[in-house]
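Here are a few worked exercises to try with the model open beside you. Take each task on your own before reading its solution.

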Amino acid sequence: MRVKPKKTRIEKHHLEDFVGRAYMSFCVLLLIVIIVSMVYFVASKGISTFTSGDVKISEFLFGTKWSPEGDTPSYGAFPFIAGSFLVTLIAALIASPLSICAALFMTEIVPGWGKKLLQPVIELLSGIPSVVYGFVGLSVIVPFLRNTFPGQGIGVAAGALVLSVMILPTITSVAADALASLPQNLKESSFALGATRWQTIARVILPTTFPAIMTGVVLGMARAFGEALAVQMVIGNAPFVPKSLFESASTLTSVITLSMGNTTMGSPQNNALWSMALVLMLMTFIFVLLVRMLERRNKI
């Protein structure tokens with residue numbers, strides 16, 4: 001009886017290498033197929049609003065009246081686009097200075113106990129669900145704004161404050177990593193020239209790490225732009241362009257989540273909601289492009 005020779009160790013390694021490559025290639029191919037399918041599905045649904053002749057692109061992007069169920073339906077999405085940009089920008093303006101200061105505190109001011117104190121808090125904030133942020137905003141921020149400023153409390157200011165707390169962990173984490181990766185010899189050279197710690201931070205550390213810090217800001221804005229539930233609970237969901245920070249408004253994500261379940265697939269209103277989803281997806285691509293550009297500048 002002939003005995004089959006055993007596989008050598010080299011042949012076994014070749015087999016393991018082939019299996020590993022095949023598995024990784026399959027995962028990458030599956031990921032590409034999923035992403036392309038999602039982009040194609042959202043794009044085809046969003047473009048059908050304009051190809052069917054129900055809505056013009058100019059009317060959709062710049063129209064200020066949203067009345068899909070009126071006698072003369074109107075599908076102006078400008079109030080929601082403006083609300084999304086306004087809330088996102090204000091949230092970034094509030095969160096960015098706080099996040100940069102927190103990152104400096106953890107890495108430059110007191111890197112020992114400062115990081116031990118703030119790091120768990122940052123991680124805790126990043127793990128809190130959106131509905132909790134919205135409920136806290138509805139219970140704390142809205143009554144405070146109602147008693148302090150004119151209006152009912154709900155509106156752009158409440159949504160921006162809630163979002164600013166939500167994006168704090170993202171900006172702080174990226175900024176802290178950027179500051180921690182800064183070469184030590186840059187700071188030592190600044191100190192050797194007679195600069196104080198604050199002069200070194202203002203004229204050496206922050207200018208050098210500015211592209212990386214801006215990457216964190218853009219990532220935070222991307223999360224804020226796509227947030228739905230927390231903003232929906234405190235912004236008022238009014239289909240109008242706000243004239244002040246204390247007036248009710250709405251965002252793209254809010255109107256999509258509130259209206260998508262009440263429409264019929266293929267109807268003009270449903271197609272208009274898919275067009276809003278397409279706008280959100282395009283804005284995500286723009287945010288990713290900005291991050292790539294900032295990363296390339298940071299490498300230089």
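Helices (H or I, at least four residues) and strands (E, at least two) are DSSP runs, numbered from the N terminus. The model is predicted, so local features need pLDDT of at least 70 and side-chain atom pairs count only at pLDDT 80 or more, while totals for chains, interfaces and linings use all residues. Residues are numbered from 1 along each chain as its sequence is written, and side-chain values use heavy atoms, with hydrogens and water left out.

**Exercise 1. Place asparagine 237 and describe its backbone and exposure.**

Step 1: asparagine 237 sits in the loop between H9 and H10.
Step 2: its phi is near 55 degrees, a positive value in a residue other than glycine.
Step 3: the relative accessible area of asparagine 237 is 27%. Buried means under 20% relative accessible area, exposed over 50%, and partly exposed in between (1.4 Å probe, protein chains only), and asparagine 237 is therefore partly exposed.

**Exercise 2. Compare threonine 88 and proline 97: is each one buried or partly exposed?**

Step 1: threonine 88 belongs to helix H3, and proline 97 is found in H3 as well.
Step 2: threonine 88 has 2% relative accessibility and so counts as buried, whereas proline 97, at 42%, is partly exposed.
Step 3: contact means heavy atoms within 4.5 Å. Leaving aside neighbours within four places in sequence, threonine 88 touches Met221, Ala224 and Phe225.

**Exercise 3. Find the largest nonpolar core and the helices that build it.**

Step 1: a nonpolar core is a set of buried Ala, Val, Leu, Ile, Met, Phe, Trp, Tyr and Cys residues joined through side-chain atoms within 4.5 Å.
Step 2: the largest one has 54 residues, and those with the most contacts inside it are Phe60, Trp66, Phe80, Val162, Leu163, Leu252 and Met276.
Step 3: helices that each supply at least two residues of this core include H1 (9–51), H3 (78–109), H6 (156–180) and H11 (268–299). The largest share, 13 residues, comes from H11.
Step 4: apart from this core lies another, of 10 residues, among them Leu104, Ala176, Leu179 and Ile205.
Step 5: zoom in on tryptophan 66. Beyond its neighbours within four places in sequence, its contacts include Phe80, Pro239, Val255, Leu273 and Met276.

**Exercise 4. Work out how H6 packs against H8, and H3 against H4.**

Step 1: axes are lines fitted to C-alpha atoms, for helices over the stretch in contact, and angles run from 0 to 180 degrees between N-to-C directions. Angles under 35 degrees count as roughly parallel, over 145 as roughly antiparallel, 65 to 115 as roughly perpendicular and the rest as oblique.
Step 2: the axes of H6 and H8 are 8 Å apart, and the helices pack at about 150 degrees. That is why H6 is roughly antiparallel to H8.
Step 3: residues that meet across this pair include Leu163, Ile167 and Val174 in H6 and Ile205, Ala212 and Leu219 in H8.
Step 4: H3 and H4 (residues 113–127) have axes that come within 7 Å and cross at roughly 140 degrees, so H3 is oblique to H4.
Step 5: here Ala102, Phe105 and Met106 in H3 meet Trp113, Gly114, Lys115, Leu118 and Gln119 in H4.
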